[in-house]
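New to this one? Here is a walk through the fold, stop by stop.

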Amino acid sequence: MSKHPSLGKLDHEGLGARGIAAASTTDCQRSQTFAAAGVSAVQVAEKVFGRVVPNRESPFAMATGMNFEHGITKHEAAKLVLLYQGSGRFATKVKVLDLTNDTKDHDLQLQLAAEAEAIILDRMYHGGGPDVIIQFPIVMRPNQALLRPDFLVAVGERGWRVGEVKSYLDRDGLTDGYKVGSAVRQAAAGIVALLFLVREHQLPEDLVDTKADLVLLRHGQEGASLRTLGAEAEILSIQETLERSAELLSEASALAGGASLDSEEAVQAIPHAYGPGCHGTCAMAEVCRGEAMANGQLLFDGAGVAALGLAGISGARAAALAAGAKAENAQEEHMAKHMRRGWAASK
Ligand code: SF4
């Protein structure tokens with residue numbers, strides 16, 4: 001995999017399903033450019049801006065998730081096969097490709113991806129072969145990212161559907177919609193990778209199912225549930241982000257005067273779309289927030305909004321106070337002092 005010249009000293013990470021899915025949900029050109037270049041916001045925040053990005057995932061939640069996923073796929077995915085058979089769908093022959101599960105050995109991953117593609121294509125051309133494939137990588141053509149969908153399951157005579165295993169609790173109608181949505185989006189990245197593969201081979205696109213199967217945690221004897229959800233919207237937005245990759249990189253290069261993405265100036269030349277939603281979802285949040293404050297695009301956010309609301313001060317009045325308008329009462333005086341101090345500190 002060749003490294004894009006715009007990366008400079010940054011490492012090409014390829015991003016994977018999670019990163020590609022995240023970039024497709026935002027209107028932020030800066031974040032989309034990182035995805036197009038195959039670098040994570042974490043790497044840029046750390047290497048370019050010297051920020052320490054804390055891992056926000058609790059070790060307990062990560063261990064729970066890994067245990068659940070392992071439980072579903074261990075012993076040649078015996079539990080997964082039972083789930084399919086319990087739901088009246090046929091699944092018996094399982095192919096486990098990556099016995100080492102060593103995702104750091106890049107050459108091995110490329111070799112396994114080629115092996116997986118041969119099995120996927122064989123079924124698409126001739127039918128037959130395994131019903132389920134687990135532990136395998138697949139290459140996303142446009143940016144060469146190596147994705148690892150949790151599994152593929154055969155549908156119809158020659159088709160495939162992507163599946164994701166998540167330790168989110170399935171509570172029927174009360175299941176966390178945001179989490180389910182992000183799982184579908186990750187599955188959609190795998191679907192898009194398969195679509196690029198079939199296009200390369202000029203095979204019919206309907207051999208790739210646009211639905212995704214989610215295996216979720218469920219209380220009860222089986223301990224898991226199987227849900228099938230449409231992923232059409234997610235597929236479209238991921239395709240659009242990937243198709244814009246080359247355009248995004250050349251725009252970034254023009255904005256930065258040809259400089260590579262490894263300097264603060266080059267990154268700051270790419271427009272951001274900072275908003276409260278950036279916190280907890282993008283490692284660049286503090287960097288972009290600082291820029292927004294320094295440029296006067298942002299006067300307050302987070303808890304500050306609640307404080308203004310409690311004081312009965314509107315957004316327009318807050319902007320006027322921060323810009324120097326005379327306070328008319330003690331509350332305004334107090335808030336103005338805080339806002340001006342915060343603004344000055346961010347410059
Ligand atoms: S923090 Fe927000 S604005 Fe900044 S790069 Fe990430 S998504 Fe874009």
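## The chain as a whole

Of the 347 residues in the protein chain, 37% are buried. Keep in mind that what you see is a predicted model. The protein chain is built with 13 helices and eight strands.

How do the parts of the chain come together? Take the contacts between residues at least 6 apart in sequence: 63% of them join residues that are at least 24 apart.

## Around the ligand

There's a ligand here, with 13 residues around it. Cys28, His272, Cys278, Cys282 and Cys288 are the ones that come nearest. Two elements each give two or more residues to this shell: helix H2 (29-37) and helix H10 (285-294).

Sort the shell by class and you get nine nonpolar residues, three polar ones and one charged one.

## The nonpolar cores

The largest nonpolar core has 77 residues. If you want to find its busiest spots, look for Ile20, Ala188, Ala189, Ile191, Ala193 and Met284, which have the most contacts inside this core. Helix H6, covering residues 177-200, supplies the largest share of the core, with ten residues.

Zoom in on alanine 193. Setting aside residues up to four places away in sequence, alanine 193 touches Ile138, Val139, Met140 and Leu147. There's also a second, separate core of six residues, with Leu321, Met335, Ala336 and Met339 among them.

## Helix H5 and its two faces

Helix H5 runs over residues 106-126, which makes 21 residues. From first C-alpha to last, H5 reaches 30 Å, close to the 30 Å expected at 1.5 Å a residue. Which residues of H5 are buried? They are Gln109, Leu112, Ala113, Ala116, Ile120, Arg123 and Met124. These buried residues sit on the same side of H5, because they cover an arc of only 115 degrees around the axis. There's a general rule to go with that: an α-helix has 3.6 residues a turn, so residues three or four places apart point the same way.

The face of H5 turned away from the buried side carries exposed residues, namely Asp107, Ala114, Ala118, Tyr125 and His126. And what lies over the buried residues? The cover includes strands E2 (132-134), E3 (138-140), E4 (145-147), E5 (151-155) and E6 (159-169), along with H6. Right after H5 comes glycine 127, with a positive phi near 80 degrees.

## Three charged residues to look up

Start with arginine 141, in the loop between E3 and E4. Is arginine 141 buried or partly exposed? It's partly exposed, because it has 15 other C-beta atoms within 10 Å. Leaving out neighbours within four places in sequence, arginine 141 is in contact with Phe196 and Glu200. Leucine 194 is 53 residues away from arginine 141 in sequence, yet their C-alpha atoms are 9.3 Å apart in space.

Next, aspartate 170 sits in the loop between E6 and H6. Aspartate 170 counts as buried because it has 20 C-beta neighbours inside 10 Å, and 20 or more is what it takes. Serine 225 lies 55 residues from aspartate 170 along the chain, with 7.1 Å between the two C-alpha atoms.

Then there's arginine 227 in strand E8, residues 224-230. With 17 C-beta neighbours inside 10 Å, arginine 227 counts as partly exposed. Apart from neighbours within four places in sequence, arginine 227 is in contact with Leu214 and Leu216. From arginine 227 to aspartate 172 is 55 residues in sequence and 9.9 Å in space, C-alpha to C-alpha.

## Positive phi outside glycine

Alanine 77 has a phi near 55 degrees, a positive value in a residue other than glycine. You'll find alanine 77 in helix H4, residues 59-86. Alanine 77 is buried, because 24 other C-beta atoms lie within 10 Å.

Glutamine 202 isn't a glycine, and still has a positive phi of about 50 degrees. Look for glutamine 202 in the loop between H6 and strand E7 (208-217). Glutamine 202 counts as exposed because it has 6 C-beta neighbours inside 10 Å.

Methods
Residues numbered from 1 in each chain as written. Predicted model: local features only at pLDDT ≥ 70, side-chain atom pairs only at ≥ 80, totals over all residues. Near = placed C-beta within 6 Å. Helix = DSSP H or I, 4+ residues; strand = E, 2+ residues; numbered from the N terminus. Nonpolar A, V, L, I, M, F, W, Y, C, P; charged D, E, K, R; others polar. Core = buried A, V, L, I, M, F, W, Y, C linked by C-beta atoms within 7 Å. Buried ≥ 20, exposed ≤ 12 C-beta atoms within 10 Å, placed from the backbone. Contact = placed C-beta atoms within 7 Å. Expected span 1.5 Å × (residues − 1). Arc of directions from axis to C-beta.
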